[in-house]
Amino acid sequence: MKKEMIFSGFGGQGALTIGRFIAQAAMEEGKHVSWMPSYGPEMRGGTANVFTIVSDDPIASPLVDHPHLLVALNQPSLDKFGASVLPKGIIIVNADLCPNVVKRDDVEYIVAPLNTLAQEIGSMKILNMLSIGIIITKTGLIKFETIEATLRAYMGNKNPELLQMNLKAIKAGMDM
């Protein structure tokens, strides 16, 4: 098994964090991982994306030209990477910031109002965690228990309220 993924959005939306936590959890499950971020000097508000690869075998290159999965948190990300997703791949689209979804017949689309759902849960900071929940359900790439342990280890007792919102968002994504 080898899954190549691109997570992309505006700086501050957490696209890089999606890739980081997917890679960290997969590594904890004994898989080989690669995480290669790319962002402009402005970061927050600018564009940011990350190539993340999870594999049962060693990874030769961290570059992702044709991902199996794309998370597009904004329209520029969908425009830039949507056409490169492999046939039978998955494209997760933030409907709140992607008004022009030109659907292909050869990929699965999951179009969800991620901004709206994040606000309903309680914070825009957890927008990215909704995507992780969708990825868990659609791919089986990592286990919820592993991502939960990864988040608990990362956040510790620094912000228990945000940790609980993150876990709630992942579960909400899994239920979509």
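Does Glu29 count as buried, partly exposed or exposed, and at what relative accessibility? In this predicted model, Glu29 counts as partly exposed, at 23% relative accessibility, whereas Lys31, with which Glu29 forms a salt bridge, is buried, with a relative accessible area of 19%.

**Salt bridges**

The count of salt bridges comes to five, and three of them, including the pair just described, are set out below.

| Pair | N to O distance | Relative accessible area |
|---|---|---|
| Lys2 and Glu4 | 3.3 Å | Lys2 40%, Glu4 14% |
| Lys31 and Glu29 | 2.9 Å | Lys31 19%, Glu29 23% |
| Arg152 and Glu148 | 3.1 Å | Arg152 38%, Glu148 21% |

Glu4 is buried, while its partner Lys2 is partly exposed. Arg152 and Glu148 lie four residues apart in helix H5, and are therefore separated by about one helical turn; Arg152 is partly exposed, and Glu148 is partly exposed as well.

**Helices H4 and H6**

Helix H4 has 13 residues, which at 1.5 Å a residue should span 18 Å, and this agrees with the 19 Å between its end C-alpha atoms. Because 10 of these 13 residues are buried, H4 is largely enclosed by the rest of the structure; among the buried residues are Leu127, Met129, Ile132 and Ile136. After H4 comes Gly140, whose phi is positive, near 65°.

Helix H6, residues 160-175, should span 22 Å with its 16 residues at 1.5 Å each, in agreement with the 23 Å between its end C-alpha atoms. Its buried residues include Leu162, Met165, Ala169 and Gly173, and what covers the buried residues of H6 includes helices H3 (114-121), H4 (127-139) and H5 (144-155).

Note on methods:
Residues are numbered from 1 along each chain as its sequence is written. This is a predicted model: local features need pLDDT of at least 70, side-chain atom pairs count only at pLDDT 80 or more; totals for chains, interfaces and linings use all residues. Side-chain values use heavy atoms; hydrogens and water are left out. Helices (H or I, at least four residues) and strands (E, at least two) are DSSP runs, numbered from the N terminus. The expected span of a helix is 1.5 Å times one less than its number of residues. Buried means under 20% relative accessible area, exposed over 50%, partly exposed in between (1.4 Å probe, protein chains only). Contact means heavy atoms within 4.5 Å. A salt bridge is a side-chain nitrogen of Lys or Arg within 4 Å of a carboxyl oxygen of Asp or Glu.
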